[in-house]
Amino acid sequence: MIELKALSMCYPLEKDTVTVLSGIDLTIGQGESVAVVGPSGSGKTTLLLLLAGLERASEGAILMDGVQLSELDVDAMADLRRDRLGIIFQSFHLIPSLSALGNVALPLEIAGRRDARQRAREILEKVDLGHREKHYPSQLSGGEQQRVAIARALVHAPALLLADEPTGNLDQQTGDKVGDLLFDLHTDVGATLIMATHDQDMARRCDRVLYMDNGTLVEQQYDAVSG
Ligand SMILES: Nc1ncnc2c1ncn2[C@@H]1O[C@H](COP(=O)(O)OP(=O)(O)OP(=O)(O)O)[C@@H](O)[C@H]1O
Ligand SMILES: [Mg+2]
């Protein structure tokens, strides 16, 4: 379970600060799927970076299963990310010197899994990239890099999946397939899924849709609107 308590985030600018999140209170249950929607610049990526422990909140707290992220040191946070989180970044963050297969296998290799390459190969097949496993990121299209990033985030079946515009660079058909993969993991292993998206179809597949409005999150009731 994830709890956000009075969570605020300001970025410093030369003399000023920009407030991006202001006083968010939110509870997300284990196994829930949550879409975070809202205009460009509204703070969706910022929220995911805080949840991933990659940025530190200005104020307030994030608790995962009762553990406050800000109280973990760098090593403990890295362990938590390796063991429990899968992260799909808006700008893929693939390692340029590793092949597609190498990128996907990496989380398992770090964890010392002997079947790392085998598992990585299976999941690359699932995102239709079996034929590209030897390619380096620079030799892949944007959508292909996105799918490698998704495969890497899913390969160790994380308890919490954070996805920033996971279908943003994909055509409708590939996007639907990637959506299926994310939701399969979510339902198969009861992973919690938190996803920032502009894609209405993806948002509708989630249990909850939260709208980022002026630094706070407002629960959106689609059914009330669409009937
Ligand atoms: N490191 C930073 N320093 C200063 N301002 C920042 C920094 N990172 C983000 N911002 C600002 O915070 C705001 C929110 O950015 P964020 O990336 O979270 O938006 P977003 O909702 O993910 O947008 P998009 O839909 O375009 O991806 C933006 O106005 C951005 O300029
Ligand atoms: Mg963003």
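## Strands, helices and a ligand shell

In this predicted model, strand β3 (residues 33-37) runs parallel to strand β9 (residues 208-213), and 4 bridges join the two.

Trainee: Let's stay with that pair. In β9, which residue is the bridge partner of V34?

Mentor: β3 and β9 are parallel, with 4 bridges between them. A35 of β3 has V209 as its bridge partner in β9. For V34, the partner in β9 is R208.

Trainee: β3 also pairs with β8, right? Which residue of β8 is the bridge partner of S33?

Mentor: Strand β8 (residues 192-196) pairs with β3 in the parallel sense, over 4 bridges. Look in β8 for the partner of S33 and you land on L193.

Trainee: How many residues of β3 are buried?

Mentor: Take the faces one by one. S33, A35 and V37 sit on one side and are buried, and V34 and V36 on the other side are buried too. So β3 is mostly covered, and with a cut-off of 20 or more other C-beta atoms within 10 Å, the buried count is 5 of its 5 residues.

Trainee: Over to β9 and β10. Which residue in their hairpin takes a positive phi?

Mentor: β9 and strand β10 (residues 216-220) pair in the antiparallel sense over 5 bridges, with M212 opposite L217 in β10. The hairpin has 2 residues between the strands. The one with a positive phi, near 55°, is N214.

Trainee: What about β6: which residue of β7 does I88 stand opposite?

Mentor: Strand β6 (residues 85-88) is joined to strand β7 (residues 160-164) by 4 bridges, and the two run parallel. Within β6, L85 and I87 point one way while G86 and I88 point the other way, and all are buried. Across in β7, the residue opposite I88 is A163.

Trainee: There's an open sheet of 4 strands as well. Which are its edge strands?

Mentor: Its order is β2-β1-β4-β5, with antiparallel pairing. Inside that sheet, strand β1 (residues 2-12) pairs with β2 over 8 bridges, and M9 has L21 as its bridge partner in β2. An edge strand here pairs on one side only, and that describes β2 and β5 (67-68).

Trainee: Now the helices. Are α5 and α6 roughly parallel or roughly antiparallel?

Mentor: Helix α5 (residues 142-154) packs against helix α6 (residues 172-188) at an angle of about 5°, and their axes are 11 Å apart. Angles under 35 degrees count as roughly parallel, so α5 and α6 are roughly parallel.

Trainee: And which residues of α6 make that contact?

Mentor: The contact residues of both helices divide into 5 nonpolar, 2 polar and 1 charged. On the α5 side you have G143, R147, I150 and L154. On the α6 side, they are T174, V178, L181 and L185.

Trainee: Last stop, ligand 1. Which element supplies the largest share of the shell?

Mentor: The residues around ligand 1 are Y11, V18, V20, G38, S40, G41, S42, G43, K44, T45, T46 and Q90. Both β2 (17-28) and α1 (44-51) supply at least two residues of that shell. The largest share, 3 residues, comes from α1.

Trainee: How many residues of that shell are charged?

Mentor: The shell around ligand 1 has 3 nonpolar residues and 8 polar ones. K44 is among the residues around the ligand, and Lys counts as charged. The charged total is 1.

Methods. Residues are numbered from 1 along each chain as its sequence is written. Chains are lettered from A and ligands numbered from 1 in the order in which they are written. This is a predicted model: local features need pLDDT of at least 70, side-chain atom pairs count only at pLDDT 80 or more; totals for chains, interfaces and linings use all residues. A residue is near a molecule or strand if its C-beta atom, placed from the backbone, lies within 6 Å of it. A residue is buried if 20 or more other C-beta atoms lie within 10 Å of its own, exposed if 12 or fewer, and partly exposed in between; C-beta atoms are placed from the backbone. Two strands pair if DSSP finds at least two bridges between them. Axes are lines fitted to C-alpha atoms, for helices over the stretch in contact, and angles run from 0 to 180 degrees between N-to-C directions. Angles under 35 degrees count as roughly parallel, over 145 as roughly antiparallel, 65 to 115 as roughly perpendicular and the rest as oblique. Two residues are in contact if their C-beta atoms, placed from the backbone, lie within 7 Å.
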